[in-house]
Amino acid sequence: MSRSAVNKAADGDGDAATGHHRHGTLRARRTLIVGACAVVVLLVGAFLADLAVAARGEYRLSRSLQVSPKITYDPEVTLGGVPYVVHASRDEFSGATITARGVAVAGCAIRGGCTAELGARLGTLRVPDGWNIGPSDVMATESVDAYTRLDSVNLGRFLGILDLTVNTPAPEDKAGGGGPQDGLLHRSSGVLLTGTVAVPPSTHPVPSTGSQTTPVPADTPSASEYRGRKAKVSVSVDLTVHDGRLHLQATGFYDGPEEHETSSELDGPGNAGLRTEVLHRFSTTLPPLPLPWGLTPTGAHSEGSDILLVADTGPRELRPRDF
């Protein structure tokens, strides 16, 4: 056989070997890709299945909470711990978040009444049956952070100032509306309230002059319904708790950097008494507000455009039906 023939035969064998190697590599890659896709599909399927089981468990707890006479609508419930099936099988969760909206609160004279949002964040939670938490089951938690939230509309109804708005001002050395970007999530003093009131805001004579004025009902629901003198103003308010009740104390008219309102109706040295009475319209102690599980309030603060009555406790044993 000639050298050229030998070289051709060798080249042919080399090409065949290379071809077999390439085909083997492609098969291996396909196998790896198919295997990886199968693993991803299994993981996604397991994740979705865990979400479905968690949603079912959270719905059962929501229905158990609705047994409470305070609650009208299904509360939103989130049970902490991933994967859910592992925590449910251990009857222990890393925590829970509960939000119940549209809860009726007493003591509001405005037609239609007032509502609030009740919520709680629970610490590590142990339950008798992680798959089905019943209304009477004892939930042992390491901590409870509960609140009752009044938005500006419902707070305005309590005060009889129907156009009331609430703002959490930023610190003096920072611009903005007092949000997380300003390092301020809430505050208990210097909360900004803005609203319209009748002038004078009560049936009493103006203290500065002692003269009798045209009577205006003290419970005038909104100056927008009043045809006499009225003023839209912004005031600074401190929030405290008096005997378990939320107390608002107006400390003065606001003139800081946040957007605010002033009224010429109150200008002049002769209107000092009127200014005092207007401030009084923004000061009150609200009727007792419900807190989850009847907890005793420990403080109050604003949060954005809402006012919160809060309670923080350590370890507690709770039943959903008592929410």
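This passage walks through a predicted model of a single protein chain, from its overall make-up to a few individual residues.

A good place to begin is the chain as a whole. Four helices and 15 strands make up its secondary structure. The chain has 323 residues, and 41% of them count as buried. Its exposed surface comes to about 17,200 Å², with carbon and sulfur atoms supplying 55% of that area. Contacts across the sequence are also worth a look: among those with a separation of 6 or more, 67% join residues that lie 24 or more positions apart.

The next feature to find is an open sheet. Six strands build this sheet, and reading across it gives the order E1-E3-E4-E7-E14-E13, with antiparallel pairing. Strand E1 (76-80) and strand E13 (299-303) stand at the edges; each has a single partner strand, so one side of each is left without a neighbour in the sheet. From one strand to the next, the twist averages 20°. As a general point, the strands of a sheet pair through backbone hydrogen bonds, in either a parallel or an antiparallel manner.

Within this sheet, strand E7 makes a helpful landmark. E7 spans residues 144-151 and pairs with strand E4, residues 114-122, in the antiparallel sense over six bridges. Two residue pairs help to trace this pairing by eye: Arg121 stands opposite Asp145 in E7, and Leu118 has Thr148 of E7 as its bridge partner. Strand E7 is also joined to E14, here by eight bridges, and these two strands again run antiparallel. On that side, Leu150 faces Ile307 in E14. E7 is mostly covered, with six of its eight residues buried. Helix H3 (residues 152-159) lies across E7 as well as strand E3 (95-105), E4 and strand E14 (306-313), and the helix runs at about 70° to E7.

Strand E4 leads on to the cysteines. The chain contains one disulfide, formed by Cys108 and Cys114, whose sulfur atoms are 2.0 Å apart. Both ends of this link can be placed by their accessibility. Cys108 has a relative accessible area of 15% and is therefore buried. Cys114 is buried too, with a relative accessible area of 3%.

Another region to explore is helix H4, which covers residues 272-281. Its buried residues are Gly273, Leu274, Glu277, Val278, Leu279 and Arg281. Among the elements that cover these buried residues are H3, E9, strand E10 (230-242) and E11.

Two of those covering strands hold residues that reward a closer view. Phe253 belongs to strand E11, which spans residues 245-253. Phe253 counts as partly exposed because its relative accessibility is 30%. Leaving aside residues up to four places away in sequence, Phe253 touches Val233, Ser234, Val235, Leu266, Arg275, Val278 and Leu279. Val278 and Leu279 are among the buried residues of H4. Phe253 and Val237 are 16 residues apart in sequence, and their C-alpha atoms are 9.1 Å apart in space.

Thr194 sits in strand E9, residues 191-198. Its relative accessibility of 9% falls under the 20% cut-off, so Thr194 counts as buried. The side chain of Thr194 makes a polar contact with the side chain of Ser234, at 2.7 Å. Beyond residues up to four places away in sequence, Thr194 touches Asp163, Leu164, Thr165, Lys232, Val233, Ser234 and Glu261. Val233 and Ser234 also appear among the residues that Phe253 touches.

The last stop is Glu259, in the loop between E11 and H4. Glu259 is exposed, with a relative accessible area of 74%. In sequence, Glu259 and Asn167 are 92 residues apart, while in space their C-alpha atoms are 9.3 Å apart.

Methods:
Residues are numbered from 1 along each chain as its sequence is written. This is a predicted model: local features need pLDDT of at least 70, side-chain atom pairs count only at pLDDT 80 or more; totals for chains, interfaces and linings use all residues. Side-chain values use heavy atoms; hydrogens and water are left out. Buried means under 20% relative accessible area, exposed over 50%, partly exposed in between (1.4 Å probe, protein chains only). A polar contact is a pair of N or O atoms within 3.5 Å; within protein, one must be able to donate a hydrogen and the other to accept it, and residues adjacent in sequence count only if both atoms are side-chain atoms. Contact means heavy atoms within 4.5 Å. Accessible areas come from the Shrake-Rupley method with a 1.4 Å probe; for residues, only the protein chains shown count as cover. Two strands pair if DSSP finds at least two bridges between them. Axes are lines fitted to C-alpha atoms, for helices over the stretch in contact, and angles run from 0 to 180 degrees between N-to-C directions. A disulfide is a pair of cysteine sulfur atoms within 2.5 Å.
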